[in-house]
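These are notes for a colleague coming to this structure without background. The points go from the whole chain to its parts.

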Amino acid sequence: MKPIPMIAALVVALAIAGGVTWWLTHQHKPRTEIVLYGNVDLREVELAFNGSEPVQAVLATEGDRVLKGQVMARLDTGRLAPKADQAAAQVAAQQQVVDKLHNGSRPEDVGQARDTVAAALADATVAHDKYARLAELSRSSSGRAVSRQDLDDAKSTADATAARLAVDRQALRLQVIGPRREDIAQAEAELRGDRAQLALLRRELSDAVLVAPMTAVVRSRLIEPGEMASPQKPAFSLAITDPTGVRAYVTETDLGHVHPGMNATVTADAFAGRAFPGWVGFISPVAEFTPKTVQTTDLRTSLVYEIRVFVQDPEDDLRLGMPATVHLPLAGAAPPGRR
């Protein structure tokens, strides 16, 4: 019966030794990084022409890497170009009208008006003197030397020449004063309208050339030469790859260790042994339940916060939706090469 207590004591000793060993091997060690799981999330842009003209040429296709400002397609400008030329001619003509009004009357115009007044004055003087002589002759002869008709004609001629003299004098005065301010303001307003129309047509000509707004990769080519372009019809779908983003989720307990600008490293199963440098660019202020796309089953029902990690991927290796693992060092700093 004595061996039984000895065996029990041996079992107890072995259990204690095993517990000590487990505690020594599984004791809590401080973490050096936070590991998150997410997916590559590229930003997409749909480009459309800001006009409705036939497509003349398409210069990019799926998979092409386009640079900012690169021409991707052109519209037919056979109707827009003549309209712009006509508007430019109208602006030039109206500019001459405005300049003429600002410069006022030419000395030659004023001199011509003075000569006209002098001639009108001479005619008025002759007509007045003729009427005066006929009136005196009619009075002295009691109306027998001059007929009533001749006297009336002479008076009408004198009155007409006097009226023309008054008109010519007023015209001379207006020539000396120059154009009215209201006429100048009207001409300037018409010039501004013509310039606005020209600017609009030139903008339409500029919009006939579709350029890449940023460096990106063409995901879809949605238009072909000969088709009618429209602002409501996208011509290209672009994927922005600089920088690439990874959408991941951090738990509430780890949220205090994550901050914008924090250094990060991203790995993907498709590129074993390769790490992509990056940084935390966005942290959601609102908690949510972990989406089903997260691969760890123990986190699928947790309350988490979305973060977006920007990745430096100059060779455009990462693809939209690709699973990725984000490593956040707990003592992170601003990433090198951050833009």
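What percentage of the contacts in the protein chain with a separation of 6 or more is accounted for by residues 24 or more positions apart? The share is 79%.

1. Overall content. The model is predicted. The protein chain holds six helices and 13 strands. Of its 339 residues, 33% are buried.

2. Confidence. Averaged over the protein chain, the pLDDT is 82, and 84% of the residues reach 70 or more. In the stretch 332–339 the pLDDT is below 50, and this stretch has 21 contacts in the model beyond near neighbours in sequence.

3. A four-stranded sheet. Strands β2, β8, β7 and β4 make an open sheet, in the order β2-β8-β7-β4, with antiparallel pairing. Strands β2 (43–47) and β4 (65–66) are at the edges, and each has a single partner strand, so one side of each is left without a neighbour in the sheet.

4. Pairings of β8. Strand β8 (residues 236–240) is joined to β2 by five bridges, and the two run antiparallel. Within this pairing, glutamate 46 is opposite serine 237 of β8. Strand β7 (residues 216–221) also pairs with β8 in the antiparallel sense, over four bridges. Two positions can be used to follow the register here: arginine 221 stands opposite phenylalanine 236, and valine 217 has alanine 239 as its bridge partner.

5. Burial of β8. Is strand β8 enclosed or open to the outside? Five of its five residues are buried, so β8 is largely enclosed by the rest of the structure. Both faces are covered: one carries Phe236, Leu238 and Ile240, the other Ser237 and Ala239, and all of these are buried. Serine 237, the residue opposite glutamate 46, is thus among the buried positions of the strand.

6. Pairings of β1. Strand β1 (residues 33–40) runs antiparallel to strand β13 (residues 323–329), and seven bridges join them. Leucine 36 has valine 326 of β13 as its bridge partner. Strand β1 also pairs with strand β9 (residues 244–251), again in the antiparallel sense, over three bridges. In that pairing glycine 38 is opposite alanine 248.

7. Helix α5. This helix covers residues 181–207, which is 27 residues. From first C-alpha to last it reaches 39 Å, close to the 39 Å expected at 1.5 Å a residue. Its buried residues are Ile184, Ala187, Leu191, Asp194, Leu198, Leu201 and Asp207. Two aspartates, Asp194 and Asp207, are included in that list. The cover over these buried residues includes α2 (80–103) and β6 (209–211).

8. Helix α2. The 24 residues of α2 should span 34 Å at 1.5 Å a residue, and the end C-alpha atoms are 35 Å apart, which agrees. Buried in this helix are Leu80, Ala84, Ala87, Val91, Gln94, Val98 and Leu101. An α-helix has 3.6 residues a turn, so residues three or four places apart point the same way. The buried residues of α2 pack against α5.

9. The end of α2 and the largest pocket. Just after α2, glycine 104 takes a positive phi of about 75 degrees. Glycine 104 is also one of the residues lining the largest pocket, together with Lys100, Leu101, Asn103, Ser105, Arg106, Asp109, Gln175 and Pro179. The space in this pocket is about 150 Å³. Which element supplies the largest share of the lining of the largest pocket? It is α2, with three residues. Leu101 appears both in this lining and among the buried residues of α2.

10. Glutamate 252. This residue lies in helix α6 (residues 252–255). Its relative accessibility is 53%, so glutamate 252 counts as exposed. Leaving aside neighbours within four places in sequence, glutamate 252 is in contact with Leu303 and Tyr305. Leucine 303 is 51 residues away along the chain, and the C-alpha atoms of the two residues are separated by 7.0 Å.

Methods. Residues are numbered from 1 along each chain as its sequence is written. This is a predicted model: local features need pLDDT of at least 70, side-chain atom pairs count only at pLDDT 80 or more; totals for chains, interfaces and linings use all residues. Side-chain values use heavy atoms; hydrogens and water are left out. Two strands pair if DSSP finds at least two bridges between them. The expected span of a helix is 1.5 Å times one less than its number of residues. Buried means under 20% relative accessible area, exposed over 50%, partly exposed in between (1.4 Å probe, protein chains only). Contact means heavy atoms within 4.5 Å. pLDDT is the predictor's confidence in each residue, from 0 to 100. On a 1 Å grid over the protein atoms alone, a cavity is a set of points where a 1.4 Å probe fits but cannot get out, and a pocket is an open set with protein on both sides within 12 Å along at least five of seven lines; lining residues have an atom within 4 Å of a point. Grid points are joined across faces, edges and corners, and a volume is the space filled by probe spheres set on the points.
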